[in-house]
Amino acid sequence: MVNLALVNAGAGLARSRPILGRLGTRIMPSLDYILAIDQGTTSTRAILFDAAGAIHHIARRELRQIYPQPGWVEHDPEEIWQSVVATCREAITAAKRPVAAIGITNQRETTVVWDRATGKPVPGYVAAIVDDELKRAKIQRPINPIGIGHCGPILVKHGTDEQKNRYIMPMLSADEIWCQLFSEPGAGSDLAALRTRAEPDGDGFVVSGQKVWTSYAQFSRWAILLARTDPSLPKHRGLTYFILDMESPGITIRPLRQLTGSTEFSEVFLDAVRVPRAHVVGAVNQGWEIALTTLAHERGTGFAFKEQVLQRIAVEDLVRLARERGRAADPVVRQEIARGWIEVELMRLMNCRTLTRLERGEEPGPESSLVKLFWASLTQRLHQLALELEGPYATLVAGSRRAVEDGRWQQAFLWSRVGAIAGGTSEVQANIIAQRILGLPR
Ligand SMILES: Cc1cc2nc3c(=O)[nH]c(=O)nc-3n(C[C@H](O)[C@H](O)[C@H](O)COP(=O)(O)OP(=O)(O)OC[C@H]3O[C@@H](n4cnc5c(N)ncnc54)[C@H](O)[C@@H]3O)c2cc1C
């Protein structure tokens with residue numbers, strides 16, 4: 001049997017090789033192969049490492065430049081995507097043995113590591129170690145974060161055998177990307193107020209409504225969808241959890257531009273979209289509990305593990321930045337950096353508690369809101385501090401000749417605002433802690 005992990009090595013591949021090798025020996029025998037995707041500026045490579053870190057196979061595809069001017073390298077995102085899929089497929093085929101996959105969620109994305117051969121999750125600590133090591137080496141997140149981080153664990157737990165057999169393997173290999181159709185214009189924090197309807201029709205349902213903020217919708221082959229199947233029931237009842245084919249007729253996707261300038265998420269319009277009954281996950285009208293588990297994975301395991309390492313890297317980089325800007329002796333700056341370091345350590349301990357819970361076979365639970373809330377303010381404070389250290393240069397963004405570190409802190413500062421919104425706002429996390437952990441009245 002061959003176990004395989006998929007990581008997105010990004011630009012850090014050269015740096016990551018010894019790390020990948022070390023990983024192999026640390027977490028054996030769970031891992032036999034690691035598939036690293038290196039999305040370079042002119043080509044895509046998929047590299048299959050064996051457990052000792054030796055390269056087993058390299059698949060490579062050149063990319064066509066759209067703007068071939070000097071200094072510009074721009075590619076068609078669809079072409080990049082196709083090349084990633086094709087190179088992955090070639091490298092996996094090169095394994096030449098039956099492949100049991102272990103999905104290692106990254107970033108926003110760890111924990112969910114499943115062994116396809118047994119259908120059981122492998123120990124969460126394996127994923128945590130892998131995640132920790134990859135992030136320490138500044139390796140980018142694996143692709144398909146929502147599939148691997150949110151949808152996979154739900155299918156493993158609540159899916160039928162047919163659903164597991166059909167969806168999990170291409171999800172892990174990133175042949176099929178997934179997105180999450182939960183939020184609506186009138187239902188974000190109050191998700192149970194969602195109005196998208198799924199009406200029974202023959203051997204299935206017809207879905208109509210609008211979703212919004214759907215990350216990676218434009219790249220996705222499948223979605224998890226929460227829709228109302230019985231409006232006569234109280235709002236938390238009467239919801240059903242579906243798998244939706246994103247290539248179905250009646251789906252319109254309109255990308256939205258974010259503060260950071262990218263178009264990671266979209267509006268998704270559903271106009272009489274047919275969904276077969278076999279795509280129901282769990283039971284009809286009982287989707288709410290499954291949705292809560294999905295959100296707990298998103299908050300507690302989805303990004304907490306990778307963020308712990310990313311914030312530690314941020315603190316280390318802040319020390320360097322403070323020295324370079326001549327601010328390292330400033331007592332206020334020193335206090336703030338030390339506070340950041342202590343809080344990252346606290347976050348690591350909170351994540352250890354989540355891992356213990358997972359090891360015992362428990363769900364992440366409402367405690368995941370503690371980690372999410374803690375991280376959201378930590379990341380915002382650290383990136384605010386970076387801009388303060390830059391002084392007047394803080395106003396210069398990427399592309400400006402005099403921008404510090406090519407505007408990387410400015411971009412990260414803008415992105416850090418996401419922490420208090422995505423996956424449930426900070427106010428909502430505080431409500432969950434008050435009501436479900438402290439038992440305070442609603
Ligand atoms: C980068 C990003 C990616 C996302 N990706 C996805 C995705 O892939 N799929 C998906 O389904 N959704 C996604 N979302 C949506 C996200 O889950 C929602 O934005 C979030 O739940 C908040 O909902 P809302 O935007 O409707 O804000 P609202 O619910 O309208 O909240 C507005 C304000 O009111 C406050 N508020 C609301 N209710 C309460 C209350 N009871 N007590 C106190 N304060 C309250 C909120 O804290 C907030 O400040 C994404 C969001 C972001 C930013």
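Reader: Hi! By class, what residues make up the shell around the ligand?
Author: Eight nonpolar, ten polar and one charged; here Ala, Val, Leu, Ile, Met, Phe, Trp, Tyr, Cys and Pro count as nonpolar, Asp, Glu, Lys and Arg as charged, and the others, Gly among them, as polar. Bear in mind that this is a predicted model, where local features need pLDDT of at least 70, side-chain atom pairs count only at pLDDT 80 or more, and totals for chains, interfaces and linings use all residues. Numbering starts from 1 along each chain as its sequence is written.

Reader: Thanks! Which residues come nearest to the ligand?
Author: Of the 19 around the ligand, those are Phe182, Gly188, Ser189, Thr425 and Glu427. A residue is near if its C-beta atom, placed from the backbone, lies within 6 Å of the molecule.

Reader: And where does the ligand lie relative to the domains?
Author: Between domain 2 (178–287) and domain 3 (303–437), because both give residues to the shell. Those bounds come from an automatic or database domain assignment.

Reader: Switching to Met171: buried or exposed?
Author: Met171 counts as buried because it has 25 C-beta neighbours inside 10 Å. The cut-offs are 20 or more other C-beta atoms within 10 Å for buried, 12 or fewer for exposed, and partly exposed in between, with C-beta atoms placed from the backbone.

Reader: What does Met171 touch?
Author: Not counting residues up to four places away in sequence, its contacts include Cys151, Glu176 and Trp178; contact means C-beta atoms, placed from the backbone, within 7 Å.

Reader: How far is Met171 from Trp222?
Author: They are 51 residues apart in sequence and 9.4 Å apart in space, C-alpha to C-alpha.

Key:
Contact = placed C-beta atoms within 7 Å.
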